[in-house]
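Me: I'd like to talk through a structure with you, one topic at a time. Could you put it up first?

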Amino acid sequence: MSKHPVEEIHWSVTASAKPECESLKGDIDADVVIVGGGLTGCRTAVGLAEAGLSVVLLEERDIGWGASGRSGGQCNPLWRQTPDELAKRFGGARAELLVKTTLQSADELFRDIRHFGVECDDVQNGWVQAAHTSGSLKSLERLHAAWQGVGAEIDILEGGDVESVSGSPEYRFALFHRKGGSVQPLSLTRGYAKAAQARGARIFCGEAVQGLNRMNGRWRVSTAAGSVSAEQVVLTTNAYSRDALTPGIRKTFFPLVSIAVATEPLSAAQQASVLPNKVTIADTRKAIYFSRYDRDGRLIFGCVGSSESVGLLGGHQRLRKGVETVFPQLRGIGLERTWGGRIAVTQEMIPHIHEPAPGITAALGFSGRGIAMTSVMGRALTSKILGEPEHALPFPVQSMKSIPCHAALNALLPLGAPVLSLKDKFDKLTSGI
């Protein structure tokens, strides 16, 4: 196994071409200005542009530069909570809408891909959610019973069936979510952006927003070279949000880090043994292991990290160990690239919609479910801007509340990955299956 994979975002090597972006010079007007060119921002832009609004999207770097272009790219269309738990948190009517939206989320994502003509190596062959301990087995059994009871297409896999479907001898119990799948996440983001442009949206890259002010009854979003005035502002910067634009927003989530590695392309025999039929997999570890293929037969394998610099606090070792633990038949496989990125995790593990001021909407906190749920959020934000009442949205519009002891906990986040990994090892030793 290669000891020194290149630190490079794999998706940037295999992605579709970048959209042609403009440079903002001077002052322009729009109905809506979106700040942040990731999946949520681009899906919102195409929805609003398709509805006939004039839309401007401002991205500080490149489209998909942040979490959207660093994601594992797995469509895992189910929350960690049961419908009853969602009802206790959000109330019956809201939970019922969220459950319905969740059940449709994967099919809606792949329908979006077809509708907008996005080329993103999409595969919808299912997701294996595997239990690594007896305790997590029981949790998955409860999850299965609860979600199957409201119509989810989920099968139980036990014993040798887990290995037959996943190719991994590590697990003896799993759920198989038939609606799950994978995409090339940067290509998906760029595809949404191009679809938005084709419908009239204007996209400006390299535009760091320096100010957000109310002027003459409209919002003025300013950069170093110009400004956009609009009635509505949508902030979709997720884990890369800054308090300078929306004071206090960073205290509403934790910016956890996901790290990943791309192996060398697997042989046909290896591909027949590992994740046959191109399913995806994620397990129940606290420092979660997840894996899928790219279009060229490379295995993408990820886990929780300490920093976007993957090697910090043993990140490379965790990835290598993870590959060999889940797929021991790949011991010695070469590793080509490794990378990391921030994900916004809320206390509830459910995305937030905030309205810090009239005419400003912020959306963030996809908590590891971003591929499926950013499309849900993009449609929800489109509906909100077009006047849909708040109670008809799948996610509630809620006030920004700081997480207790946020500063202290945030400072400890780099230690989280090694600590969680040690806890996973202990749990495996004491209650493994």
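What follows is a conversation about the strands, cysteines and internal space of this predicted model.

Me: Let's start with the sheets; in what order do the strands of the open nine-stranded sheet run, and what is the pairing like?
Reply: The order in that open sheet of nine strands is 1-17-13-16-15-14-5-7-6, and the pairing is mixed.

Me: Which strands stand at the edges there?
Reply: Strand 1 (6-7) and strand 6 (154-158) take the edge positions, and because each has a single partner strand, one side of each is left without a neighbour in the sheet.

Me: And further in, how many bridges does strand 5 share with strand 14, and in which sense do they pair?
Reply: Strand 5 (residues 127-130) and strand 14 (residues 280-283) are paired in the parallel sense through four bridges, and within this pair Q129 has A282 of strand 14 opposite.

Me: OK, strand 2 next. How many bridges join it to strand 12, and do they run parallel or antiparallel?
Reply: Strand 2 (residues 26-35) and strand 12 (residues 226-235) run parallel and are joined by nine bridges, with V32 standing opposite Q232 in strand 12.

Me: What about strand 2 and strand 3?
Reply: Those two also appear as a parallel pair, strand 3 covering residues 55-59 and being joined to strand 2 by four bridges; here V33 is set opposite V56 in strand 3. Between the two strands the chain passes through helix 2 (residues 39-50), giving a β-α-β crossover that is right-handed.

Me: Switching to cysteines: how many disulfides does the structure hold?
Reply: The structure holds one disulfide, formed by C21 and C205, whose sulfur atoms are 2.5 Å apart.

Me: What does that pair tie together?
Reply: C21 sits in the loop between helix 1 (10-14) and strand 2, whereas C205 belongs to strand 9 (residues 202-205), so the disulfide links parts that are 184 residues apart in sequence.

Me: Are those two cysteines buried or exposed?
Reply: C21 is partly exposed, its relative accessible area being 30%, while C205 counts as buried at 13% relative accessibility, the cut-off for buried being under 20%.

Me: Where is the nearest cysteine sulfur to C120?
Reply: It belongs to C75 and is 11 Å away, and C120 is in no disulfide. C120 is buried, with a relative accessible area of 1%. C303, another cysteine, counts as buried at 2% relative accessibility.

Me: New topic, T346. Where does it lie, and is it buried or exposed?
Reply: T346 is found in the loop between strand 17 (335-345) and strand 18 (352-357), and at 2% relative accessibility this loop residue counts as buried.

Me: How far is T346 from P255?
Reply: The C-alpha atoms of T346 and P255 are 9.1 Å apart in space, although the two residues are 91 residues apart in sequence.

Me: Last one, internal space. How many cavities of 30 Å³ or more turn up?
Reply: Searching the whole structure gives one cavity of 30 Å³ or more, and the largest cavity has a volume of about 60 Å³.

Me: Which residues line the largest cavity?
Reply: The lining consists of L235, T237, N238, S241, R242, L245, T246, I249, A362, A363 and L364. By class, six of the lining residues are nonpolar, four are polar and one is charged.

Me: Which element gives the largest share of that lining?
Reply: Strand 19 (residues 360-364) does, with three residues of the lining coming from it.

Conventions. Residues numbered from 1 in each chain as written. Predicted model: local features only at pLDDT ≥ 70, side-chain atom pairs only at ≥ 80, totals over all residues. Heavy atoms only, no water. 1 Å grid on protein atoms, 1.4 Å probe; cavity = no way out; pocket = protein on both sides within 12 Å on 5 of 7 lines; lining within 4 Å. Points joined across faces, edges and corners; volume = space filled by probe spheres on them. Nonpolar A, V, L, I, M, F, W, Y, C, P; charged D, E, K, R; others polar. Pairing = 2+ DSSP bridges. Right-handed = clockwise from strand over helix to strand, strands pointing away. Disulfide = S-S within 2.5 Å. Buried < 20%, exposed > 50% of the residue type's maximum accessible area, 1.4 Å probe, protein only.
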